[in-house]
Amino acid sequence: MAGLFITFEGIDGSGKSTQAKVLADTLRDEGHDVILTREPGGSPGAEEIRTLVLEGDPDRWSAQTELLLFTAARRDHLERLIDPALAAGKIVICDRFADSSRIYQGSRSGDLRAMVDALHTLMIGREPDLTFVIDMDPDTGHSRAKGRGGTEERFEDFGAGLQAQMREGFLDLALEYADRCVVVDGGRAIESVAADVAQIARNRLG
Ligand code: ADP
Ligand code: TYD
C-alpha cells in the first residue's frame, strides 16, 4: 500500500502550521494513520540544522550556502522519517518542503532556481502527491508571523518586501505544478480554510 504525501506551502504567517495540524487531526479522526512533520526539521539532525538557518543575522549565510543546509536537512528528514512512513502506507503531512527551497533560495538572491532543481534531482527526487499553497496578503502574513515572537526570525527580518516577492513565487509555482498544487485563500477564518483543505484531501484520498 502506497502512502500519501501532502505538503503545505506559502509565505510566513499564512497559516500553514495551523492548517497542517487541523488536517492531521481531521484525517486521524477519520481513521487514517497520519504523520505530521515540518521543514526545516522533522528529524533530530534536521532540527539541529533548523537552528543554524533560522536564527541569527539575515546575512549569516549566502543563498547558496543556505540551499546546501536546507537540502542536507531535507535529505536526513526524507531518509529517516518521510520515506519509511510512506513505505508503510501512512499519510505524511509536511509543513513546507522542496517548493520552499525553489521559492526562497531559488529567487532570494538572483535566479538560483536551476541550481535548486539540480540539487533536488540529485539529492531528494521526491515530489508531494498534493500541495496546498495557502495564499495570503503579505502584510497580514508578516504581522501574524512577527506577532508569534520567538528567536526563529531570520527570514521574517528580511521584511515584508521579501514576503510579497515570495507570494508571487508560490502562485507561479502552483501553475507550474498544477497537477499537484491547489491554491487556498488563507485570508479567512481558520475553520473555513480548514473545511476547504479537508475536502480537497478527501477527494485526493478517494
Ligand atoms: P505559518 O505556519 O504559515 O507561518 P501559522 O499557522 O503559524 O502560520 O499562523 C501564524 C499566526 O496566525 C498564528 O498565531 C496563528 O494562530 C494565526 N492564524 C493562523 N491562521 C489564521 C486565520 N485563518 N485567521 C487568523 N489568524 C490565524
Ligand atoms: P517556517 O518555520 O515554516 O516559518 P513560518 O512558520 O514563519 O512560515 O520556516 C522558516 C523559514 O524558513 C521560512 O521563512 C522559509 C524558510 N525556508 C526556506 O527558505 N527554504 C526552505 O527550503 C524551507 C523549508 C524553509
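This section describes the two ligand sites, the largest pocket and the enclosed cavities of a predicted model.

Because the model is predicted, local features were accepted only at pLDDT of at least 70 and side-chain atom pairs only at pLDDT 80 or more, whereas totals for chains, interfaces and linings use all residues; side-chain values rest on heavy atoms, with hydrogens and water left out. Residues are numbered from 1 along each chain as its sequence is written, and chains are lettered from A and ligands numbered from 1 in the order in which they are written.

The largest pocket has a volume of about 770 Å³. Pockets and cavities were defined on a 1 Å grid over the protein atoms alone: a cavity is a set of points where a 1.4 Å probe fits but cannot get out, a pocket is an open set with protein on both sides within 12 Å along at least five of seven lines, and lining residues have an atom within 4 Å of a point. Grid points are joined across faces, edges and corners, and a volume is the space filled by probe spheres set on the points. Of the 38 residues lining the largest pocket, D12, K16, S17, R96 and R148 are the closest to its centre. Two or more lining residues come from each of α1, α2 (44-54), α3 (63-87), α4 (98-107), α6 (138-147) and α8 (190-205), where helices (H or I, at least four residues) and strands (E, at least two) are DSSP runs numbered from the N terminus. By class, the lining comprises 10 nonpolar, 13 polar and 15 charged residues; Ala, Val, Leu, Ile, Met, Phe, Trp, Tyr, Cys and Pro count as nonpolar, Asp, Glu, Lys and Arg as charged, and the others, Gly among them, as polar.

Ligand 1 sits in the largest pocket, a criterion met if more than half of the atoms of a molecule lie within 2 Å of the grid points. Its shell holds 14 residues, of which G13, K16, S17, T18 and R188 come nearest; a residue belongs to such a shell if one of its heavy atoms lies within 4 Å of the molecule. Helix α1 (residues 16-29) provides the largest share of this shell, 3 residues. Among the polar contacts (pairs of N or O atoms within 3.5 Å), a polar side-chain atom of T18 lies 2.5 Å from an oxygen atom of ligand 1, and a polar backbone atom of I190 lies 3.4 Å from a nitrogen atom of ligand 1. The protein covers 73% of the 560 Å² of accessible area that ligand 1 has on its own, as obtained by the Shrake-Rupley method with a 1.4 Å probe.

Ligand 2 also sits in the largest pocket. Around ligand 2 are 16 residues, with D12, R96, S101, Q105 and R148 coming nearest, and α4 gives the most to this shell, 4 residues. Side-chain N or O atoms of D12 and K16 lie 2.8 Å and 2.9 Å, respectively, from an oxygen atom of ligand 2. The protein covers 95% of the 550 Å² of accessible area that ligand 2 has on its own.

The structure also holds 2 cavities of 30 Å³ or more. The largest cavity contains about 60 Å³ of space, and α5 contributes the most to its lining, with 4 residues. The second largest cavity has a volume of about 40 Å³, and its lining divides into 6 nonpolar, 1 polar and 2 charged residues.

Technical notes:
A polar contact is a pair of N or O atoms within 3.5 Å; within protein, one must be able to donate a hydrogen and the other to accept it, and residues adjacent in sequence count only if both atoms are side-chain atoms.
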